[in-house]
Amino acid sequence: MPSPLNILLVDDEVVRAAMVEEALMAEGHRVICRLASPASLNEMVERHQPDVVIIDMESPDRDTLESMALLNRENPRPVVFFADQHDSDMLQAALKSGVSAYVVDGLVPERVEAIIEVAIARFDAFQSMRQELDKARNQLTERKRIERAKGLLMKHQDCDEEQAYRMLRKLAMDRGQRIAEVADSVIDILARLNPTVPASEPRGSRS
């Protein structure tokens, strides 16, 4: 590992948790929060801002899955789940909830370091993919708004597509805004002038 990590540990067995914490400390890491259950997982991650979350339990139950899904939505982190029992359905559910690494047969302190490294790599790759997907969706939404604004201008100003785009571009330059933002304004203005024209969607919405 290139640098020490701050870790949040969830384990309902005190002795085992202490052994894991000792193994992590031996590698230079620090357990900044230890929980007996994942009930307050998202809240504690938000409060302590760990680099990695380690959960060790028999298998993920419904409440645990919900806690991990909430964490993945609001405070995504690399999550390593150590389960004592193999269950294909639970494994799939855990991965869908945002788990970066799911390890069966329980937590062995000597293996934690390598598994954390893999989990972080998977998490980073997934976050990169998600950001690229969000970027592509936002670009598509912006293009749709610009096309809609051009169509309304063509109809309202009796001009062609190139002239409509030049109008949008000039407005954007004059206002110091992006063309997509100007397109929203144009759609809203024309919606007020013509009630049959729907107003623009909230910025950042997906279609």
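Contact here means heavy atoms within 4.5 Å. The legends below describe close-up views of a predicted model.

**Figure 1. Surroundings of lysine 150 in helix 5.** Lysine 150 is a residue of helix 5 and has a relative accessible area of 7%. Because buried means under 20% relative accessible area, lysine 150 is classed as buried. When neighbours within four places in sequence are set aside, Glu161, Ala164, Tyr165 and Leu168 are in contact with lysine 150.

**Figure 2. The salt bridge between arginine 145 and aspartate 184.** The closest N and O atoms of arginine 145 and aspartate 184 are 2.7 Å apart. Arginine 145 belongs to helix 5 and aspartate 184 to helix 7 (residues 179-193), so the pair ties together parts that are 39 residues apart in sequence. Both arginine 145 and aspartate 184 are buried. Elsewhere, one network of salt bridges with shared partners joins Asp11, Asp12, Glu13, Arg16, Asp56 and Asp84. The structure holds 14 salt bridges.

**Figure 3. Salt bridges within helix 2 and within helix 3.** In helix 2, glutamate 43 and arginine 47 lie four residues apart, about one turn of the helix. Their salt bridge has its closest N and O atoms 3.2 Å apart. Glutamate 43 is partly exposed, its relative accessible area being 44%, whereas arginine 47 is exposed at 56%. In helix 3, arginine 62 and glutamate 66 are likewise four residues apart, about one turn of the helix. The side chains of arginine 62 and glutamate 66 form a salt bridge with an N to O distance of 3.4 Å. Arginine 62 counts as exposed, with 66% relative accessibility, and glutamate 66 is partly exposed, with a relative accessible area of 44%.

**Figure 4. The largest nonpolar core and the contacts of phenylalanine 81.** The largest nonpolar core has 20 residues. Leu8, Leu41, Val53, Ile55, Met68 and Phe81 are those with the most contacts inside this core. At least two residues of the core come from each of strand 1 (6-11), strand 2 (30-35), helix 2, strand 3, helix 3 (62-74), strand 4 (79-83) and helix 4. Leaving aside neighbours within four places in sequence, phenylalanine 81 has contacts that include Ile55 and Met68, two of the core residues named above. Phenylalanine 81 is also in contact with Met57, Ser59, Pro60, Thr64, Val99, Ala101, Tyr102 and Val103. Another core, of 18 residues, lies apart from the largest one and has Val31, Val52, Ile54 and Phe82 among its members.

**Figure 5. The largest pocket and its lining.** The space in the largest pocket is about 160 Å³. Helix 4 (88-96) and helix 5 (112-157) are the elements that give two or more residues to its lining. Helix 5 provides the largest share of that lining, three residues. The lining consists of Asn72, Leu95, Lys96, Gly98, Val99, Ser100, Arg122, Phe123 and Phe126. Sorted by class, four of the lining residues are nonpolar, three are polar and two are charged.

**Figure 6. Serine 100 in the loop between helix 4 and strand 5.** Serine 100 is part of the lining of the largest pocket and is located in the loop that runs between helix 4 and strand 5 (101-104). With 8% relative accessibility, serine 100 counts as buried. Apart from neighbours within four places in sequence, the residues in contact with serine 100 are Arg77, Pro78, Val79, Ala119, Arg122 and Phe123. Of these, Arg122 and Phe123 also line the largest pocket. Serine 100 and valine 15 are 85 residues apart along the chain, and 25 Å separates their C-alpha atoms.

**Figure 7. Positive phi at glutamine 49 and at aspartate 158.** Most residues other than glycine have a negative phi. Glutamine 49 has a positive phi, near 50 degrees, and is placed in the loop between helix 2 (41-48) and strand 3 (52-57). Glutamine 49 is partly exposed, with a relative accessible area of 41%. Aspartate 158 has a positive phi, near 55 degrees, and is found in the loop between helix 5 and helix 6 (161-175). Aspartate 158 is exposed, its relative accessible area being 71%.

Technical notes
Residues numbered from 1 in each chain as written. Predicted model: local features only at pLDDT ≥ 70, side-chain atom pairs only at ≥ 80, totals over all residues. Heavy atoms only, no water. 1 Å grid on protein atoms, 1.4 Å probe; cavity = no way out; pocket = protein on both sides within 12 Å on 5 of 7 lines; lining within 4 Å. Points joined across faces, edges and corners; volume = space filled by probe spheres on them. Nonpolar A, V, L, I, M, F, W, Y, C, P; charged D, E, K, R; others polar. Buried < 20%, exposed > 50% of the residue type's maximum accessible area, 1.4 Å probe, protein only. Core = buried A, V, L, I, M, F, W, Y, C linked by side-chain atoms within 4.5 Å. Salt bridge = Lys/Arg side-chain N within 4 Å of Asp/Glu carboxyl O.
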